[in-house]
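Me: Please take a close look at the aromatic side chains of this model, and set them against the chain as a whole. I would like one connected account rather than a list.

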Amino acid sequence: MLHLKLETDPRWVTIVESNIEEILTDHAWCEQKAATNAITIITHNSEYPDLVTELLELAKEEIEHFQMVHNIIKERGYTLGRERKDSYVNELYKFMSKGGSRLQSMVDRLLFSAMIEARSCERFKLLSERITDPELSKFYHELMISEAGHYTTFITFARKYGKGIDVDARWQELVTFEGELIKSYGKSETIHG
């Protein structure tokens with residue numbers, strides 16, 4: 001369903017398990033950034049009522065996920081660390097068109113968002129299947145399902161509103177770009193690292 005070019009090496013889970021506090025902190029901030037991203041898309045595209053309605057719900061869900069991760073952090077006696085830079089997302093951002101039409105920018109932002117959700121979904125699936133902590137395994141299984149829905153939301157809106165743009169061809173370009181990019185990641189205890 002996600003059509004990613006390269007799957008995460010399962011050994012990444014071993015790296016994650018070596019520092020659960022770090023992965024949880026990174027994950028919490030990823031959820032916050034996902035909510036902010038949805039709100040940013042709304043801000044730039046408020047003339048699409050269905051997109052606004054759907055992304056408001058998505059942003060609320062992402063904030064709920066942030067709170068859920070924060071609760072796990074507190075329950076385990078950890079402290080939410082400072083916000084982390086997400087190098088993967090920053091590199092992926094470079095794919096987006098600069099100086100194109102407003103519509104092209106919207107489509108690229110929606111596809112960029114879909115890709116982040118797809119990769120997160122893939123990582124959550126791997127965690128749910130391989131992490132030895134039963135609570136986190138269940139938690140990541142539930143989030144995997146949610147991320148798959150978010151992926152579908154973003155890609156559906158890109159196709160719906162990308163009139164005159166070959167959205168599927170642009171998606172394939174992004175899939176190829178991300179396939180090369182992800183080769184440099186999967187070596188740290190972060191969601192996208």
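Reply: A residue is called buried under 20% relative accessible area, exposed over 50% and partly exposed in between, with a 1.4 Å probe and protein chains only. The model is a predicted one, in which local features need pLDDT of at least 70 and side-chain atom pairs count only at pLDDT 80 or more, while totals for chains, interfaces and linings use all residues. Residues are numbered from 1 along each chain as its sequence is written, and side-chain values use heavy atoms, without hydrogens or water.

First, the setting. The protein has 7 helices and 0 strands (DSSP runs numbered from the N terminus, with H or I over at least four residues for helices and E over at least two for strands), and its pattern along the sequence is therefore α-α-α-α-α-α-α. Its radius of gyration is 16 Å, close to the 16 Å that the globule rule gives for 193 residues, so the protein is as compact as a globular protein of that length; the radius is taken over C-alpha atoms, and the rule is 2.2 Å times the number of residues to the power 0.38. Along the principal axes, the C-alpha atoms fill a box of roughly 50 × 30 × 25 Å. Of the 193 residues, 52% count as buried, and among the contacts (heavy atoms within 4.5 Å) with a separation of 6 or more, 83% join residues 24 or more positions apart.

Now the rings themselves. A search of the whole structure finds 9 aromatic pairs, where rings of Phe, Tyr and Trp (its six-membered ring) pair if their centres lie within 6.5 Å, and planes under 30 degrees apart count as stacked, over 60 as edge-to-face and the rest as tilted. One of these pairs is formed by Phe 139 and Tyr 140, which meet edge-to-face, with 5.2 Å centre to centre and 65° between the planes. Phe 139 is buried at 7% relative accessibility, and Tyr 140 is buried as well, at 1%. In another pair, the centres of the rings of Tyr 151 and Trp 171 are 5.9 Å apart and the planes stand at 55°, so this pair is tilted. Because Tyr 151 lies in helix 6 (residues 134–161) and Trp 171 in helix 7 (residues 167–181), the pair ties together parts that are 20 residues apart in sequence. Both partners are out of reach of the probe for the most part of their area: Tyr 151 is buried with a relative accessible area of 6%, and Trp 171 is buried with 3%.

Tyr 151 also receives a contact from the start of the chain. His 3, in the segment before helix 1 (12–17), touches Tyr 151 and Val 175 when residues up to four places away in sequence are not counted. Unlike the buried Tyr 151, His 3 counts as exposed, at 55% relative accessibility. His 3 and Ala 118 are 115 residues apart in sequence, yet their C-alpha atoms are 8.6 Å apart in space.

A further group of rings is the aromatic cluster formed by Tyr 48, Phe 157 and Tyr 161. Tyr 48 is found in the loop between helix 2 (20–44) and helix 3 (49–75), and with a relative accessible area of 19% it is buried. Neighbours up to four places away in sequence aside, Tyr 48 touches Met 106 and Tyr 161. The C-alpha atoms of Tyr 48 and Tyr 161 are 9.0 Å apart in space, although 113 residues separate the two in sequence.

Helix 3 also holds Phe 66, which is buried with a relative accessible area of 17%. With neighbours up to four places away in sequence left out, Phe 66 touches Ala 28, Trp 29, Glu 31, Gln 32 and Leu 80, and the C-alpha atoms of Phe 66 and Lys 33, which are 33 residues apart in sequence, lie 9.4 Å apart. His 65 is likewise found in helix 3 and is buried, with a relative accessible area of 5%. Beyond its neighbours within four places in sequence, His 65 is in contact with Glu 31, Leu 143, Ser 146, Glu 147 and His 150. Glu 31 thus appears in the contact list of Phe 66 and in that of His 65.
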